[in-house]
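Me: I should like to learn how to read a binding site from coordinates. Please begin with the terms.

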Amino acid sequence: MTATLELAPETELEENVRKRATAPGVDRIVLTGFMGSGKTSVGRVLAERLGWRFLDLDAEIERRDGRTVPEIFAASGEAHFRKQETAALAGLLGQRRVVVALGGGAPEELGNRLLMEQTPRTAVVYLAAPLETLLDRCERDDARTGSAGRPLLAQAEQRFAVRRHLYERIAGHQVETSARSVEEAADAILEALGRNR
Ligand code: S3P
């Protein structure tokens, strides 16, 4: 099984894709999916392909709050984190020519779903993978960084069962990531957006 979305060396083909990268009719691309789906790593490459800015919702929450996500959860709880998340998302969706990586739980909030739905020229893309693959990637992330960066990982099974339908519902496009590298996932998103708009 391919567990991680590894960065592969750039090939000639990828270089060509980069040169003609476009997302017609779209001003912002929002990446959604569960923890470990590759929203941040794929988002960075996608933004680079498009010459757009990459914005990470968790990083924005941390910037605004001054604490890390695990610190916010530990000291103030999930409900407080979700309020911060909605405020940060509203700010990010106000920007143009951006790729936004959501946190895995953002679509659970109705307000967030409405915000995305009502922001014009916004493409929401679901990065999908089986739960086993997602958990494997999260474990590898933790091993790499030497810390447990995801407070809700222990509840992964229940959360995934609820959220997978929400990801599907809010996204106009779905890209399966389990057999794709980061670059291949970014290219698949560009292809899906170019084809369907
Ligand atoms: C969460 C996912 C995390 C982060 C927070 C809550 C969730 O983001 O927002 O720990 O509820 O699934 P990633 O999906 O980027 O890990």
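Reply: A residue is counted as near a molecule if one of its heavy atoms lies within 4 Å of it. This is a predicted model, in which local features need pLDDT of at least 70, side-chain atom pairs count only at pLDDT 80 or more, and totals for chains, interfaces and linings use all residues. Residues are numbered from 1 along each chain as its sequence is written, and side-chain values use heavy atoms, with hydrogens and water left out.

Me: How many residues surround the ligand, and which are the closest?

Reply: The ligand is surrounded by 14 residues, of which Lys39, Asp58, Arg82, Gly104 and Arg163 are the closest.

Me: Which polar contacts does the ligand make?

Reply: A polar contact is a pair of N or O atoms within 3.5 Å. Oxygen atoms of the ligand lie 2.8 Å from a polar side-chain atom of Lys39, 2.6 Å from a side-chain N or O atom of Arg163, and 3.4 Å from a backbone N or O atom of Gly105. The ligand taken alone exposes 390 Å², and the protein buries 95% of that (accessible areas by the Shrake-Rupley method with a 1.4 Å probe).

Me: Which helix gives the most to the shell around the ligand?

Reply: Helices are DSSP runs (H or I, at least four residues), numbered from the N terminus. The helix α4 gives the most, with 4 residues.

Me: Where does the ligand sit?

Reply: The ligand takes up the space of the largest pocket (more than half of its atoms lie within 2 Å of the grid points). A pocket, on a 1 Å grid over the protein atoms alone, is an open set of points with protein on both sides within 12 Å along at least five of seven lines.

Terms used
A polar contact is a pair of N or O atoms within 3.5 Å; within protein, one must be able to donate a hydrogen and the other to accept it, and residues adjacent in sequence count only if both atoms are side-chain atoms. On a 1 Å grid over the protein atoms alone, a cavity is a set of points where a 1.4 Å probe fits but cannot get out, and a pocket is an open set with protein on both sides within 12 Å along at least five of seven lines; lining residues have an atom within 4 Å of a point. Helices (H or I, at least four residues) and strands (E, at least two) are DSSP runs, numbered from the N terminus.
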